[in-house]
Amino acid sequence: MGERAIQVGLLGLGTVGTGVVSIVERHQNELAHQAGRPVAIKKALVKQIDKVRGSEVNGVELTTNPEDILDDPDLDVVIEVMGGVSETKQLLEKAIRQKKHIVTANKDLMAEWGASLLALAAEQGVDVYYEASVAGGIPILRTITEGLSADRITKMMGIVNGTTNYILTKMSQENRSYEDVLKEAQELGFAEADPTADVEGLDAARKMAILATLGFSAPVQLSDVAVKGITNVSGKDLHFCEQLGLTMKLIGVAKRDEGRLEVCVEPTLLPSDHPLASVQNEYNAVFVHGEAVGETMFYGPGAGSLPTATAVVSDLVSVMKNMRHRVNGYAAMKPLYEAVFKEEQEKQSQFFIRLHVEDRTGTFSSITSLFARYDVSFEKLLQLPLEEEQMAEIVIITHVTNRAVYKELMEELEQLDVVKTIASSYRVEGGKG
Ligand SMILES: NC(=O)C1=CN([C@@H]2O[C@H](COP(=O)(O)OP(=O)(O)OC[C@H]3O[C@@H](n4cnc5c(N)ncnc54)[C@H](OP(=O)(O)O)[C@@H]3O)[C@@H](O)[C@H]2O)C=CC1
Ligand SMILES: N[C@@H](CC=O)C(=O)O
Ligand code: NA
């Protein structure tokens, strides 16, 4: 007789949960071969028991009572794919205390409570894995904690939110409106239940906090990440980008220079031949730079049912292997260092600035003399007439400066008589930033 199947309870059976059930069924042979035992998805917690669901989940017992899963002594692993933070944390803590291993796709939870859940799991001798929480189907957490474990990572930069990449791609390539494309991303199952977290950059910021914590082995919190989303990006900005040979992406950056960290998420302009510029739709990509390995890049689907479920089920295989060897994986995830962050003047970048100005003699010289006073030089400068009479649009791309200087310069620029408005400003990647 074969060994008893690993029994799994799902918390959530939506986009990702349904994908998990499909993969376990389709790849049962390969999973059993790798982990030494078959896998059975026994139960799933849902919100609405009567909801119409795909036939692939027919064999899964549904419940609306979490205790049916948490108190079931036969379940070895709880896979959390329901989302939410406080209540979900309580459910997972209870599951851990019941000695159940955890696999989760929940970045909101792991960015905020990851350290405490991992510590509790270590105390109870069980695993918590969360590969799907960052960059969906790309095995990026495993890459950092295992594949590059011998190296010292100095920079991670990339596109870690599928929804916003989908929106920016469709807005710039198909000239479609922000609202229209966001709706489509929701229908395709890429967006969060409340897509505010996607479009305001918070989802990406949570992922960067998780990446930075693991990559730099230092506890980086969401509040340590400087965040700006894509809600104010206009078609006009994208049009100017195209004219200047640039592509806009929501980019997350985590850097470590001489032990000092900088983590941010913001719409960023990249040269259109930059590898990240060609990452389209819901795809994600992450550059990881290590002192010894140099530059590596990882690309794949950042959202969606089966890609995300692949990460979840691969975590399940890791748990099963650990169970077989009677170990758990906490040591690789526990930070070694304190997180010390850079001051604004230590953060270097180039910037794009779009201004509406009075089209008269002296405008140019007052702007250029202000920039000269701050010792910020121009890499590119473009002036175009505006429809409004006697007004012009100026687009500037600066050479590298620091954030403290940039902030003061922007405040003074806004006060200049000839400047009517600062229409937009973005970080530019490609210089020595
Ligand atoms: N979608 C994606 O591409 C990705 C998602 N994730 C993360 O995975 C998690 C799940 O996302 P996704 O599958 O898209 O979400 P869905 O909204 O599609 O599914 C959520 C599931 O959880 C159930 N659920 C939600 N709240 C409760 C509750 N309070 N009590 C009981 N059941 C509940 C829902 O029940 P019911 O079916 O009855 O409504 C549903 O089955 C989230 O943390 C998300 O951030 C991570 C990477 C990619
Ligand atoms: N809403 C997220 C889903 C995956 O994490 C995204 O769009 O990337
Ligand atoms: Na991943």
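In this predicted model, the sodium ion (ligand 3) is coordinated by Glu 131, Val 134, Gly 136 and Ile 138, with distances of 2.3 to 2.7 Å. Glu 131 contributes through both its O and its OE atoms, whereas Val 134, Gly 136 and Ile 138 each take part through O. Along the chain, the donors of this sodium ion follow the spacing E-x2-V-x1-G-x1-I. Of these residues, Val 134 and Ile 138 are both buried.

Ligand 1 is surrounded by 23 residues, and the closest of them are Leu 13, Gln 48, Lys 51, Glu 192 and Gly 304. By residue type, the shell around ligand 1 divides into nine nonpolar, nine polar and five charged residues. Polar contacts to oxygen atoms of ligand 1 are made from backbone and side chain: a polar backbone atom of Gly 14 lies 3.1 Å from an oxygen atom of the ligand, while an N or O atom in the side chain of Lys 51 is found 2.8 Å from an oxygen atom of ligand 1. Arg 53 adds a polar side-chain atom at 2.9 Å from an oxygen atom of the same ligand. Taken alone, ligand 1 exposes 890 Å², of which the protein buries 83%. The space that ligand 1 takes up is the largest pocket.

The surroundings of ligand 2 consist of Lys 107, Asn 161, Gly 162, Thr 163, Phe 190, Ala 191, Glu 192, Asp 198, Asp 203, Lys 207, Gly 302 and Ala 303. Glu 192 thus appears in the list for ligand 2 and also among the residues closest to ligand 1. Within this set, the side chain of Thr 163 places an N or O atom 2.6 Å from an oxygen atom of ligand 2, and an N or O atom in the side chain of Lys 207 is 2.8 Å from an oxygen atom of the ligand. Phe 190, by contrast, takes part through its backbone, with a polar atom 2.7 Å from a nitrogen atom of ligand 2. Taken alone, ligand 2 exposes 250 Å², and the protein buries 93% of that area. The space taken by ligand 2 is likewise described as the largest pocket, as is the space taken by ligand 1.

Technical notes: Residues numbered from 1 in each chain as written. Chains lettered and ligands numbered in written order. Predicted model: local features only at pLDDT ≥ 70, side-chain atom pairs only at ≥ 80, totals over all residues. Heavy atoms only, no water. Donors = N, O, S within 2.8 Å, 3.2 Å for Na, K, Ca; no water. Buried < 20%, exposed > 50% of the residue type's maximum accessible area, 1.4 Å probe, protein only. Near = heavy atom within 4 Å. Polar contact = N/O pair within 3.5 Å; in protein donor to acceptor, adjacent residues only side chain to side chain. Areas by Shrake-Rupley, 256 points an atom, 1.4 Å probe, with all protein chains shown as cover. 1 Å grid on protein atoms, 1.4 Å probe; cavity = no way out; pocket = protein on both sides within 12 Å on 5 of 7 lines; lining within 4 Å. Sits in = over half its atoms within 2 Å of the grid points. Nonpolar A, V, L, I, M, F, W, Y, C, P; charged D, E, K, R; others polar.
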